[in-house]
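Hi everyone, thanks for making time for this. I'd like to walk you through a structure that may be new to you, so please have it open as we go.

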Amino acid sequence: MRLNMTQGVTEVSQRVFDLHMTILYICIVIGVVVFGVMFWAIIHHRKSKGAVAASFHESTKVEILWTIIPFAILIVMAIPATNTLLAMEDTSESDLTIQVTGSQWKWHYRYFGEDVEFYSLLATTTAQIENVREKRDNYLLEVDRPLVVPIGKKVRFLITSQDVIHSWWVPDFAVKKDANPGFINEAWTRIDKPGIYRGQCAELCGKDHGFMPIVVIAKPQAEYDQWLQATKVAQQEAYEEEQRLLAMEMSMDELMELGEQIYGTRCAMCHQLDGNGIPGAFPALAGQGVSIDPAKKLEHISVVVHGKSGTAMQAFGPQLSLKQLAAVITYERNAWGNNTGETVQAAEVQAVLNGEEL
């Protein structure tokens, strides 16, 4: 049934579904019996039939019965529920461990022992959200980089947060764990069949809480191994490309074009596409909201790279490449009337990252 609990694709999710149905059937039987007896008594002991109310009270037998029967029912319900909860919390003997870190409003995945990590962001376009374009089938449930795991393997998740409380929830796995800053919660899954499984943050984590989806792709082991190797190669090539960029200078046009794209996907949700921010919450960057004083350029770079303590401004140094950082900072310093006329290059961002110019 569409309104019933998701049956899921793992052994644990099936156990949760079976437990849910068992408890539902017990509740239905109790409801039928209780309401059946109640309506039977109302109909057959009504005043029009000459029924006279009994005057007895404090029946010891009745007291014992309505104490023992509910107790026995609760025991019958508690045994399978306890076994299922214990199975859900047993993260031992895992084949793969992945750290899941939530932040406003994205997920970061790190594969232990594999030197692979990446951020996963909403892929639904702003045009769809603003009803300019038709919404796709997976509206608000699609990401740019999905989490990829092998089938038939026990995958352990270490779930935490960078800022506020989030919740990593994939109904098909029966996994829902809070991501608390400063704490690590554990969960696990073993997926039985390949497929694409979707979820979302299930904790109210801020104004864009609804734009924080989860997509997991389960692949056969051979395909997973291929994806893992290809990802390692791509990340190594990206690192080598960044090192080459340090000796190069990008043009203003190239930086502004890329910077506008990065700003639209990473910064606009807080500071808005027009750079005017949200009064009282997120500062404006337009109209010299960013200081155009050349002496303040390094300070601007530092805020973007390292974040700003005590505010919602995240550290984007670990999230973006040197090229992307240089581009988005250049864009902010030259868009919406700021017009500094100066570029920011990858080497300058690298220097700030290393603390060489501060």
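**A walk through sheets and helices**

Let's begin with a pair of strands: strand 1, residues 96-103, and strand 5, residues 155-161, run parallel and are joined by 7 bridges. Before going further, please keep in mind that this is a predicted model. If you want one spot to look at in that pair, find V100, whose bridge partner in strand 5 is I159.

Now zoom out a little. Which order do the strands of this sheet take? It is an open sheet of 5 strands in the order 3-2-1-5-8, and the pairing is mixed. At the edges you will find strand 3 (116-120) and strand 8 (185-189), each of which pairs on one side only. On average, neighbouring strands here are turned by 20° against each other, ignoring direction.

There is another sheet to visit. This open sheet has 5 strands in the order 4-10-9-6-7, again with mixed pairing. Its edge strands, each paired on one side only, are strand 4 (147-150) and strand 7 (175-179). From one strand to the next, the twist averages 25°. Inside this sheet, strand 6 (residues 166-170) and strand 9 (residues 195-201) run antiparallel, joined by 2 bridges. There, W169 stands opposite Q200 of strand 9. A helix joins in as well: helix 4, residues 221-245, packs on the sheet and touches strand 4 and strand 10 (213-219). The direction of helix 4 makes about 140° with that of strand 4.

Let's move to the N-terminal helices. Helix 1 (residues 11-44) packs with helix 2 (residues 60-89) at an angle of about 165°, and their axes are 10 Å apart. Angles over 145 degrees count as roughly antiparallel, so that is how helix 1 runs relative to helix 2. Their crossing is left-handed. On the helix 1 side, the contact includes V12, R15, L19 and I30, while helix 2 brings residues including I73, P80, N83 and M88. Sorted by class, the contact of helix 1 with helix 2 has 12 nonpolar residues, 2 polar and 1 charged.

What does the UniProt record add? In an unreviewed entry, UniProt annotates residues 23-43 and 64-88 as "transmembrane region". In the model, residues 23-43 are 100% helix, with end C-alpha atoms 30 Å apart. Residues 64-88 are also 100% helix, and there the end C-alpha atoms lie 36 Å apart.

Two helix pairs are left. How do helix 5 and helix 7 pack? Helix 5 (residues 252-271) meets helix 7 (residues 322-332) at about 95°, with the axes 7 Å apart, so the two are roughly perpendicular. Among the residues in contact are L255, L258, I262 and Y263 from helix 5, and A327, V328 and Y331 from helix 7. By class, that contact has 11 nonpolar, 3 polar and 4 charged residues.

Finally, helix 6 (residues 297-306) and helix 8 (residues 346-353) pack at about 70°, their axes 10 Å apart. Helix 6 and helix 8 are therefore roughly perpendicular too, and helix 6 passes helix 8 in a right-handed crossing. Helix 6 contributes K297, L298, I301, S302, V305 and H306, and helix 8 contributes E348, V349, V352 and L353. That contact has 6 nonpolar, 2 polar and 2 charged residues.

Thanks for listening, everyone!

Conventions:
Residues are numbered from 1 along each chain as its sequence is written. This is a predicted model: local features need pLDDT of at least 70, side-chain atom pairs count only at pLDDT 80 or more; totals for chains, interfaces and linings use all residues. Side-chain values use heavy atoms; hydrogens and water are left out. Axes are lines fitted to C-alpha atoms, for helices over the stretch in contact, and angles run from 0 to 180 degrees between N-to-C directions. Helices (H or I, at least four residues) and strands (E, at least two) are DSSP runs, numbered from the N terminus. Angles under 35 degrees count as roughly parallel, over 145 as roughly antiparallel, 65 to 115 as roughly perpendicular and the rest as oblique. Contact means heavy atoms within 4.5 Å. Ala, Val, Leu, Ile, Met, Phe, Trp, Tyr, Cys and Pro count as nonpolar, Asp, Glu, Lys and Arg as charged, and the others, Gly among them, as polar. UniProt positions are given in the numbering used here, feature names are shortened, and annotations may be inferred rather than shown by experiment. Two strands pair if DSSP finds at least two bridges between them. A crossing is left-handed if the near helix is turned anticlockwise from the far one by less than a right angle, and right-handed if clockwise.
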